[in-house]
Amino acid sequence: MLNFIYYLMLIIMVLLSIAFFTLMERKILGYCHMRKGPNKAGIQGLFQPFSDAMKLFSKEMNYMFYMNISMQIISPLLMISLMMMMWMIFYYMNNSMNMNLSVIFLICVSSLSSYAILFSGWASNSKYSLIGSYRGFAQVISYEVSLAVILISISLISESFNMKNFIMIQWDYPLMLSFFFIFVLWIFTILAETNRVPFDLAEGESELVSGFNIEYGSWLFAIIFMSEYGSIMLISYFSAYLFLGKMQIMELFVILLMMMFVLIRSTYVRVRYDQLMMLAWKIILPQSIIYMFLMFFLLMILGYFICIIFWNYKI
């Protein structure tokens with residue numbers, strides 16, 4: 001019962017954080033465009049996310065007669081459910097949630113989230129949403145391979161799939177300083193995995209009429225919107241666990257990563273789809289595989305010399 005209360009509080013805090021993350025994004029984009037952003041609802045626009053939520057959840061939802069309505073409703077609910085499930089992987093100081101194979105759980109659940117994009121585009125029964133879902137599904141599963149390889153490489157260093165061990169081995173020295181190259185590959189991978197600029201090909205408004213979510217409106221669109229921004233917050237927090245690890249400054253690093261997502265959106269333009277696929281299969285994936293084998297052999301050599309030293313000392 002206590003764990004259920006902890007998880008319920010976590011859900012509430014995540015949803016509130018999503019609301020203020022959208023406000024932060026609109027403020028940063030506003031100043032990047034040399035304008036104010038939202039500043040009318042409340043003090044400096046503080047209540048703007050709540051007014052947007054009230055507007056979206058009170059609007060009428062139009063269902064076309066040719067839609068698969070049950071799948072149309074289930075797909076956004078599946079998106080936000082999978083996003084909230086992935087928040088269970090983190091290690092909390094009161095030890096309320098401490099999953100042993102948290103990295104494996106993240107890979108499995110994030111792989112399932114790509115099906116929600118495919119189902120939502122198919123259920124709309126529209127050629128535009130179907131093409132957008134195909135492109136989004138291909139993009140997510142392409143970068144999912146590189147994501148898994150990078151996670152395996154970092155797990156080789158910690159010798160565990162538990163998030164608690166990632167913190168313990170980085171308490172004095174963060175891995176980002178030693179493995180900055182793999183951190184750069186990780187940034188490209190998570191940008192594509194979360195469908196953010198410059199890799200937001202699943203939601204290209206100019207080419208695909210808003211992509212797989214063209215037929216969504218009202219509260220269903222709000223749920224898709226919430227799951228997308230919740231995934232950005234989740235992956236930022238997870239990146240802090242992987243490459244920073246020190247609990248005292250982790251929250252600052254998470255906020256900086258979230259701001260990085262917004263600043264990249266305001267700076268870079270969308271790439272072509274063939275460039276996106278070439279980056280995944282010809283650049284990021286080979287380099288991440290080479291790095292994984294390099295880490296494996298280095299750890300084997302290091303372990304061999306440690307065994308020799310201890311054996312000679314014992315003799």
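Here are some short exercises on a predicted model, each with a worked solution.

**Exercise 1. Fold**
Work out how many helices and strands the protein chain has.

*Solution.* Start with the element count: the protein chain holds twelve helices and zero strands. Then read the elements from the N terminus on, and the order is α-α-α-α-α-α-α-α-α-α-α-α.

**Exercise 2. Dimensions**
Find out what radius of gyration the protein chain has, and what a compact globule with 315 residues would have.

*Solution.* For 315 residues, the expectation for a compact globule is near 20 Å. The protein chain comes out at 21 Å, which agrees. Next, take the principal axes: the C-alpha trace spans about 80 × 45 × 45 Å along them. Finally, look at contacts between residues at least 6 apart in sequence: 78% of these join residues at least 24 apart.

**Exercise 3. Core**
Identify which residues have the most contacts inside the largest nonpolar core, and which helix gives the most to this core.

*Solution.* The largest nonpolar core has 72 residues, and Trp87, Leu151, Trp186 and Phe238 have the most contacts inside it. Helix H10 (residues 218-243) gives the most, with 13 residues. Another core, of nine residues, lies apart from it and includes Met61 and Tyr216. Now zoom in on Leu151: beyond its neighbours within four places in sequence, Leu151 touches Val103, Leu106, Ile107, Trp186, Phe238 and Leu242.

**Exercise 4. Cysteines and surface**
Determine how many disulfides the whole structure contains.

*Solution.* A pair of cysteine sulfur atoms has to lie within 2.5 Å to count, and the search finds zero disulfides. Cys32 is partly exposed at 37% relative accessible area, and Cys108 is partly exposed at 44%. For the whole protein chain, the exposed area is about 16400 Å², with 72% supplied by carbon and sulfur atoms.

Methods
Residues are numbered from 1 along each chain as its sequence is written. This is a predicted model: local features need pLDDT of at least 70, side-chain atom pairs count only at pLDDT 80 or more; totals for chains, interfaces and linings use all residues. Side-chain values use heavy atoms; hydrogens and water are left out. Buried means under 20% relative accessible area, exposed over 50%, partly exposed in between (1.4 Å probe, protein chains only). A nonpolar core is a set of buried Ala, Val, Leu, Ile, Met, Phe, Trp, Tyr and Cys residues joined through side-chain atoms within 4.5 Å. Helices (H or I, at least four residues) and strands (E, at least two) are DSSP runs, numbered from the N terminus. Contact means heavy atoms within 4.5 Å. The radius of gyration is taken over C-alpha atoms; the globule rule is 2.2 Å times the number of residues to the power 0.38. Accessible areas come from the Shrake-Rupley method with a 1.4 Å probe; for residues, only the protein chains shown count as cover.
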